[in-house]
Amino acid sequence: MTSDSFSSLPISSAFVANLDSLGYKKMTAIQAQGLPYVLQGKDLIAKAKTGSGKTATFGIGLLQRINPRFFGIQALILCPTRELADQVGKELRKLARSTPNIKLVLLCGGKPFAPQKSSLEHGAHIVVGTPGRIQDHLSRGTLTLAGVNTLVLDEADRMLDMGFIDVINEIIAQTPDKRQTLLFSATYPSTIKKMCAAILQDPVTVSVEAEHTESVIEQIFYQAKASRRNEALLALFEHYQPETTLVFCHTKIQCDAVARFLHDHQIEALAIHGDLEQRERDQVLVRFANHSCSVLVATDVAARGLDIKSLQAVINFELPHDADIYIHRIGRTGRAGEKGIALSLFIEQEQPRVKAIAEFQGKACLVKELDALNASTGFTLQSPMVTIQLDAGRRNKIRPGDLLGALTGDAGLSGLQIGKIDIFDISSYVAIQRSAVNKALGFFSNGKVKGRSVRARKIV
Ligand code: AMP
C-alpha cells in the first residue's frame, strides 16, 4: 500500500514544507507510485504524460542527490523541445527553493551559445536541455558529464520520434555507468522498450494512464467524406464555437493548409510545426497563449511540451494510428478538472483507428452525424486580444512592469485592456484588447518607455 502524503517519504521536513507552500498537499498517482523507488536510487520507467506531476517525480528524487558544494553537473535532464525544457527548468527551480545554492542551466537550441558556455564555466549542478545543443556543448568541450548521478529522459518517445536516438546514445555514453536513470514516456512502443533495455538497469515500471474521465472530456467522433474534411472541420467550429482550440494534423503541409483554410473562412488560426524558425515559433506560442489567436494547428511533435493551459477543445483533423497518441492529444483539454471537448474527424478508411481507440478505452466511441450540426453561417472567430511587438527587450532592461506602467500611465489604457506581457532578449510582446490597440500603437509612435523611443507593430 502506498501513502499519498509527502511526509511519508524519506525527505527533509524543510523540503516537505516547501512542497506544501507550492500547494502540493498530497502526491499525484505517479508520485505515489514512483517516488519511493526513485528515492531508493532505483532506475525507473514511468508511463506518464505531462500534467501528471511527473516533473516533481524525478525532480524531488534528483534534488536529494545533489551535493551543492560540488560544482559539477550531477543531474542531466533531456527533453524533446525547448518549451518542455523551459517548463521543467521552472518546476525544478521551484522545487529547489528549500535547497540553497543549487544552480540549474538550460541548454537548448535556438539560443545563443556563449551565455550557456559562460553559465557552465561558473559552475552548475543541473542541466536541462535538448539533445542537439547538449551534444554541441559536449563536442566543444564546454560540458562534462563525468559527475552525473541522475539521468532523466523526459518524453522519451517524442525524442525518438524526432530522430534523436543516436544523439541521445552519444550523450549517455559520456555519463558514468553507475548512475540512476529515469525514463518518462507517454507511450511505450518497441523502440522505447529497446532503449530501456539498453540504458536502464533492473528498472521498476510504473504507469498512470487514461486519467481523463468521461465527465471531464467529452469525446465525439464524426465521419467525413475524404474530399470534404475541411468543410467538416468548419462545421465543427460553427457548431461548437470553442474559444481556444488545438487542431491536430499529421504533417506540416497539412497544418499549413488547414490553418490557411480556416483563415480564409474567418477563423483566425496559426500553424506550428518543426519547419518554423525559432523566432516564428516563439511568436506563434506567444500569440496563442495571450489570446490573440484562438486556434493553433499543430503536429504531434510541435504540440508536445507546449505549456498551454485551459484549452476548450481539441480537434483531430485526422485520427492518429495509435490509440495512445489519441489519449495523449485529448489530454490537452479538460485539464485541472475543467470540462473539455475532444472532436475527431475520420473517413471511411480510418474506421479501424476508431475501433482501436474504443478497444483501448474499453468503451464504444460516440459517433455523431455531421448533418446534425448547427451550421451557423457567417460565423467568424476573432480573438479578444491583439499582440503588439516592440523592438526592445531584456537586453534593453525592459521589464513587464515598465510596459504596464507606460501603457496604463502615459498611454491612458486601463489595466483590464492589457493582457499577457512576454519579454524576450531583443523584443517584447504585449497583448492588448482589440478595441484599445490603436490607442496603444498611437502611444508608442510618440511616447517613451524608460526614456527611450520604442518601435511597435501589430502582429497579424
Ligand atoms: P507535470 O506533469 O510535471 O507537467 O506537472 C503538472 C502540474 O502539476 C505542474 O504545474 C506542477 O506544478 C503540478 N504538480 C505536480 N505535483 C503536484 C502535487 N503533488 N500537487 C499539486 N500540484 C502538483
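**Ring contacts, core and strand pairing in the predicted model**

R229 lies over the face of F317, with a distance of 5.7 Å from the ring centre, in a model that is predicted. A second arrangement of this kind involves R140, whose charged end sits over the ring of F113 at 3.8 Å from its centre.

Contacts between aromatic rings were examined next. A pair of aromatic rings is described by the distance of the centres and the angle of the planes. The structure holds four aromatic pairs; one of them is formed by F58 and F184, which meet edge-to-face with 5.2 Å from centre to centre and 65° between the planes. This pair links distant parts of the chain, since F58 belongs to helix 3 (residues 54–64) and F184 to strand 6 (residues 180–185), 126 residues apart. F58 has 0% relative accessibility and therefore counts as buried, the cut-off being under 20%. F184 likewise counts as buried, because its relative accessibility is 0%.

F58 also appears in the description of the largest nonpolar core, which comprises 40 residues and in which F58, I60, L62, I77, L92, I126 and V128 touch the most other members. For I60, when residues up to four places away in sequence are not counted, the residues touched are F6, I11, F15, L19, L35, L39 and L95.

Strand 17 (residues 428–433) is mostly covered, five of its six residues being buried, and strand 17 pairs with two strands described here. With strand 15 (residues 385–390) the arrangement is antiparallel and is held by six bridges, among them the one in which T387 has A431 of strand 17 as its partner. With strand 16 (residues 418–423) the pairing is again antiparallel, over four bridges, and D422 has Y429 of strand 17 as its bridge partner. Strands 16 and 17 are, moreover, joined by a hairpin through four residues.

At the level of the whole chain, 17 helices and 20 strands are present, and buried residues make up 54% of the 460 residues. The C-alpha trace spans about 65 × 65 × 40 Å along its principal axes. The radius of gyration of the chain is 23 Å, which agrees with a compact globule, because a globule of 460 residues would have a value near 23 Å. Among contacts between residues at least 6 apart in sequence, 76% join residues at least 24 apart.

Methods:
Residues numbered from 1 in each chain as written. Predicted model: local features only at pLDDT ≥ 70, side-chain atom pairs only at ≥ 80, totals over all residues. Heavy atoms only, no water. Phe/Tyr/Trp six-rings, centres within 6.5 Å; stacked < 30°, edge-to-face > 60°. Buried < 20%, exposed > 50% of the residue type's maximum accessible area, 1.4 Å probe, protein only. Lys NZ or Arg CZ within 6 Å of the ring centre and 35° of its normal. Core = buried A, V, L, I, M, F, W, Y, C linked by side-chain atoms within 4.5 Å. Contact = heavy atoms within 4.5 Å. Pairing = 2+ DSSP bridges. Rg over C-alpha atoms; globule rule 2.2 N^0.38 Å.
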